[in-house]
2 protein chains.
Amino acid sequence: MKRTVFFVSDHTAITAETFGRSLLSQFETVTFERVTQPFVDCEAKAIDTCRRIADAFARDGQAPLVFSTLTDDHLRQILECSEAVVFDLFEAFLDRMETALGQPSAQAIGRAHGLGNAALGRGRVEALRFAIDCDDGIGVDAYDKADIILVGVSRSGKTPASLFLALHYGIKAANYPLTEEDLNLSGLPSNLRKHRERLFGLTMNPERLHQLREERRPGSRYASLEQCRNEIRAADGLFQAAGIPYLDTSTMSVEEIAANILHRAGLQRMRW
Amino acid sequence: MKRTVFFVSDHTAITAETFGRSLLSQFETVTFERVTQPFVDCEAKAIDTCRRIADAFARDGQAPLVFSTLTDDHLRQILECSEAVVFDLFEAFLDRMETALGQPSAQAIGRAHGLGNAALGRGRVEALRFAIDCDDGIGVDAYDKADIILVGVSRSGKTPASLFLALHYGIKAANYPLTEEDLNLSGLPSNLRKHRERLFGLTMNPERLHQLREERRPGSRYASLEQCRNEIRAADGLFQAAGIPYLDTSTMSVEEIAANILHRAGLQRMRW
């Protein structure tokens, strides 16, 4: 069973994709063909979107679903005339929000909506720069400026997590790879000792780590299950002995790892 | 006028934050105090959330707003008993989705929801590695593996855009800074010439660039308005002469820059 799904927005469509995806995840047995239509900000583009919807209907023999964050009334009416089943975020909630807040929405009074906090957001750009400059054990001298320092063996997900923390939450995250040499020490590497309260460990089940490392260097000692077992055992032991909070990322997405770290470490995110 | 807003989820709360933020942006005159409650996955945490809501109500003298993506019926009922105005994503749309798809949702049949595509997603991790390895003019030898190469003067937003393209869309983006030396050439730098079809320019109004550079090196020649004007004029001229598509990022967020590039360059994003 296949259904075509459209994500329609007058802007980036990131919100439409996010809320739509969350709802679609409730229907695991259906195969969805996803089409994103961002920047639908005039009549011509709205009509073009309706044409694509009609084509999908003809092809599938079933009405497409549409997740929409269009704000302009006229464009929403055009979309409503399509033969799709439209899930409209603003229609669903805006009336009740106006009542709760006791005032009209920007859309109701004909103003454009203010999504996307104009310009790059200095905090995030700085945090990204920091994550790159302190990736994979470099930039140790700047660790005293870090909000958090992620620690773990190679391929435990440190770099993606650092970057996501920067990009999404404006958090300055360094990351430090625990090498075999580090793991043979008794106690923390000297680089890390004075930053103990800001360390956060990432771990993973050895089978999953083995699989990830095989993708990188197939058949190597580095990727062998035995090596992975030894490193993970030593890293977990280190986290426990040093009292470092740590997280098992075996089944987690980047988003989940970052949100867990933020929450468990009680980090203060950038104003948003 | 101040209102407290809660984003409540049994998971990362990223969806709750995204759809809530989109709706809140329609009310620009209200000041919102934002509280995120992720991982509300048991009765005790739901009750604790209700307690925080009650505290906020007492403090503000007005009912807090709640944006929720809770899926469990029992937890949702607990939240409904709070004194907040609850905007519940699943309640708003799930019934109609079940009707449209002709089948029950996972939630309806008691299964957990499948948000967060288990594990890190290899494509994104590879794309992130690529973006870091080809940041700011390094890794030029790997440019033939790039999906896109962002080109622009210093501080035009290349690095954040490259990383966002990787993290959100799984796109391999290199980025190359146009130096004064490059801009004095007639035509494209030799490094870039053979990759012309994959180049994408970022530009900005000189005043905005001046402002960003002043934050980095106040009072420098590098940051002076005159220097910014000259570089932008030369860069725009280069994009036009070489037929490179380009984007003015002056008022854009990272999300907007990335979504624009994806859309205009017609890039094929990772399956999602």
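This passage describes the arrangement of two chains, the contact between them and one helix pair in a predicted model.

Two copies of a chain are related by a rotation about an axis and a shift along it. Here, a turn of 180° with a shift of 0.0 Å along the axis lays chain A on chain B with an RMSD of 0.1 Å. The two copies are thus related as by a two-fold rotation axis. Within chain A, domain 1 spans residues 2-101 and domain 2 spans residues 122-265. The C-alpha centres of these two domains of chain A are 39 Å apart.

Chain A contributes 65 residues to the contact between the chains, and chain B contributes 65 residues. On the side of chain A that touches chain B, two or more residues are given by each of α1 (14-24), β4 (85-88), α4 (89-101), α5 (122-133), α6 (158-169) and α11 (254-265) of chain A. The largest share, eight residues, comes from α4(A). By class, this side of chain A has 35 nonpolar, 20 polar and ten charged residues. Of the interface residues of chain A, 100% are also interface residues in chain B, so the copies meet through the same surface.

Two of the elements at the interface, α5(A) and α6(A), also pack against each other, with axes that come within 7 Å and cross at roughly 165°. Because angles over 145 degrees count as roughly antiparallel, α5(A) and α6(A) are roughly antiparallel to each other. Their crossing is right-handed. The contact involves Arg124(A), Ala127(A), Leu128(A), Phe130(A) and Ala131(A) of α5(A), together with Ser162(A), Leu163(A), Ala166(A) and Leu167(A) of α6(A). Seven of the residues in this contact are nonpolar, one is polar and one is charged.

Methods: Residues are numbered from 1 along each chain as its sequence is written. Chains are lettered from A and ligands numbered from 1 in the order in which they are written. This is a predicted model: local features need pLDDT of at least 70, side-chain atom pairs count only at pLDDT 80 or more; totals for chains, interfaces and linings use all residues. Copies are superposed by least squares on the C-alpha atoms of residues with pLDDT of at least 70 in both. Two residues are in contact if their C-beta atoms, placed from the backbone, lie within 7 Å. Domain bounds come from an automatic or database domain assignment. Helices (H or I, at least four residues) and strands (E, at least two) are DSSP runs, numbered from the N terminus. Ala, Val, Leu, Ile, Met, Phe, Trp, Tyr, Cys and Pro count as nonpolar, Asp, Glu, Lys and Arg as charged, and the others, Gly among them, as polar. Axes are lines fitted to C-alpha atoms, for helices over the stretch in contact, and angles run from 0 to 180 degrees between N-to-C directions. Angles under 35 degrees count as roughly parallel, over 145 as roughly antiparallel, 65 to 115 as roughly perpendicular and the rest as oblique. A crossing is left-handed if the near helix is turned anticlockwise from the far one by less than a right angle, and right-handed if clockwise.
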